[in-house]
Amino acid sequence: MTGRRALGRRFEWLWASYAVSSYGTWLGFGAFPLIAILVLHSGPTQVAALSAAGRAVGAVVAVPLGPWVEFRGKRPVMVAMDLIRFAAMASVPAAYAVGRLSFAQLLLVSVVVAAANITFNAASGAYLKSLVPPEDLLVANGRFESTMWTASVTGPPLGGAAIGIFGPMTTVLADAVSYLLSALGIRAIGGTEQPPARTGAARLRARDLLEGWRHILTHRTLRPLFFNAMVVNGLIMASEPLMAVLMLGRLGFAPWQYGLAFAAPCVGGLIGSRLARRLVTRFGQHRVLLVAGALRACWPLGLVFVRPGVPGIVIVIVVQFGLVTCCGVFNPVLATYRLGHTDPDRVVRTLSAWSVSTSAAIAALTAAWGVLAAITSPLTAIAAAGVLLLATPLLLPRSENAPQDAEPQDAGPQDTGPQDTEPQDTEPQDTSKEATSLT
């Protein structure tokens with residue numbers, strides 16, 4: 001269990017801001033694919049391109065922001081990123097109201113939000129690392145993870161109902177307002193903040209841009225976890241827009257049914273996040289990473305059996321329940337390990353490098369799977385992703401010994417701190433926060 005240990009008023013404000021943002025995000029789960037399909041009448045290739053292009057360009061834009069944020073106050077950066085996301089998301093219903101919404105605007109908003117998400121997540125991770133004592137890391141991460149999965153249970157079906165009653169822009173507007181409320185909550189945290197002191201030249205250097213990747217790739221355990229996260233998240237998220245096309249199109253599910261099929265299983269994520277601390281205490285960090293990481297790759301292949309009607313919804317719920325339960329265990333443990341083996345003065349660059357690489361992998365695989373779905377069918381592409389996922393446990397580290405040059409530091413947070421886990425990533429879906437991509 002995550003426990004009821006008091007982590008202080010400032011953490012409570014941070015947690016509240018994250019909760020508001022999470023509920024807004026999950027109300028708008030799959031909003032952009034829904035708008036592209038139902039409003040702009042886009043096909044599977046365009047829907048996949050929407051997810052891929054936003055992530056890819058957003059990741060490129062975010063690369064220089066990591067080192068820039070590293071040596072600045074993290075709270076002002078977080079507030080700025082929330083306000084940017086608010087303005088970008090609010091522009092969609094505004095354009096729709098005047099009859100000017102286009103696919104190009106959805107792409108642009110996806111790019112802006114993706115870049116802001118990566119920057120926000122990196123800054124929030126560094127900030128929480130300095131805010132929470134090392135011994136409380138897993139408690140804090142468990143609370144964020146539990147909040148995200150709780151929001152994911154209630155948000156999508158409520159969002160689907162809201163779309164059915166009030167129209168397709170309702171949940172996008174709610175998501176936009178949640179970013180504004182998050183910014184106000186972060187602003188209310190108060191206190192002073194001491195950013196790491198820069199050594200050497202003040203200007204941005206190539207070494208600064210690459211430092212996060214250098215740290216990850218030279219760390220014997222982080223390196224396989226990094227590649228595993230990229231491939232697993234990429235293959236899982238490549239199937240998300242194809243599932244939307246399949247379920248909302250050929251199989252004839254209503255938006256609320258689609259939302260319910262992906263929301264109900266998120267109870268498993270809540271269960272997993274509450275079990276994470278107990279499992280680590282009993283079995284150790286490395287064993288939990290290895291077992292939970294392997295199990296989460298076994299479920300998505302079951303989506304090939306989806307069919308119309310109640311049986312189809314049941315299949316999706318069962319598969320997603322197993323998947324998100326494993327993710328709920330894996331994500332906070334991965335985040336604890338990752339931040340615990342990163343020096344304070346390179347946290348932002350490491351988290352940025354991780355998020356940029358994961359977003360780029362998701363973008364590339366989503367685009368490739370969109371083409372594959374157009375050549376074959378959405379169901380065939382989903383099956384291919386499921387088969388490939390079965391091989392991803394081979395990328396997990398077999399040894400738990402860290403290299404000598406990676407001294408354990410104070411444990412820190414995961415990407416599912418204030419964001420948009422979006423999920424998992426995790427993001428992770430908001431076009432960058434998803435139910436299953438939260439690492």
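Colleague: How far from the centre of the ring of W354 is the charged end of R338 that sits over it?

Modeller: This is a predicted model, in which local features need pLDDT of at least 70, side-chain atom pairs count only at pLDDT 80 or more, and totals for chains, interfaces and linings use all residues. Residues are numbered from 1 along each chain as its sequence is written, while side-chain values use heavy atoms, with hydrogens and water left out. A charge sits over a ring if NZ of Lys or CZ of Arg is within 6 Å of the ring centre and within 35 degrees of the ring normal. The charged end of R338 sits over the ring of W354, and its distance from the ring centre is 4.7 Å.

Colleague: How many aromatic pairs does the structure hold, and what is the angle between the planes of F11 and W15?

Modeller: Rings of Phe, Tyr and Trp (its six-membered ring) pair if their centres lie within 6.5 Å, and planes under 30 degrees apart count as stacked, over 60 as edge-to-face and the rest as tilted. The structure holds five such pairs. F11 and W15 form a tilted one, with 5.9 Å from centre to centre and an angle between the planes of 35°.

Colleague: Which helix holds both F11 and W15, and are these residues buried or exposed?

Modeller: Helices (H or I, at least four residues) and strands (E, at least two) are DSSP runs numbered from the N terminus, and F11 and W15 both lie in helix α1 (residues 9-27), four residues apart, about one turn of the helix. Buried means under 20% relative accessible area, exposed over 50% and partly exposed in between, with a 1.4 Å probe and protein chains only. F11, at 1% relative accessibility, therefore counts as buried, whereas W15, with a relative accessible area of 21%, is partly exposed.

Colleague: Which helix does F144 lie in, given that F144 pairs with Y18?

Modeller: Y18 and F144 form an edge-to-face pair, 4.9 Å centre to centre with 80° between the planes. The pair links distant parts of the chain, 126 residues apart, with Y18 in helix α1 and F144 in helix α7 (residues 137-166).

Colleague: How are α1 and α8 oriented to each other?

Modeller: Axes are lines fitted to C-alpha atoms, for helices over the stretch in contact, and angles run from 0 to 180 degrees between N-to-C directions. α1 and helix α8 (residues 170-187) pack at an angle of about 175°, with their axes 7 Å apart. Angles under 35 degrees count as roughly parallel, over 145 as roughly antiparallel, 65 to 115 as roughly perpendicular and the rest as oblique. α1 and α8 are therefore roughly antiparallel.
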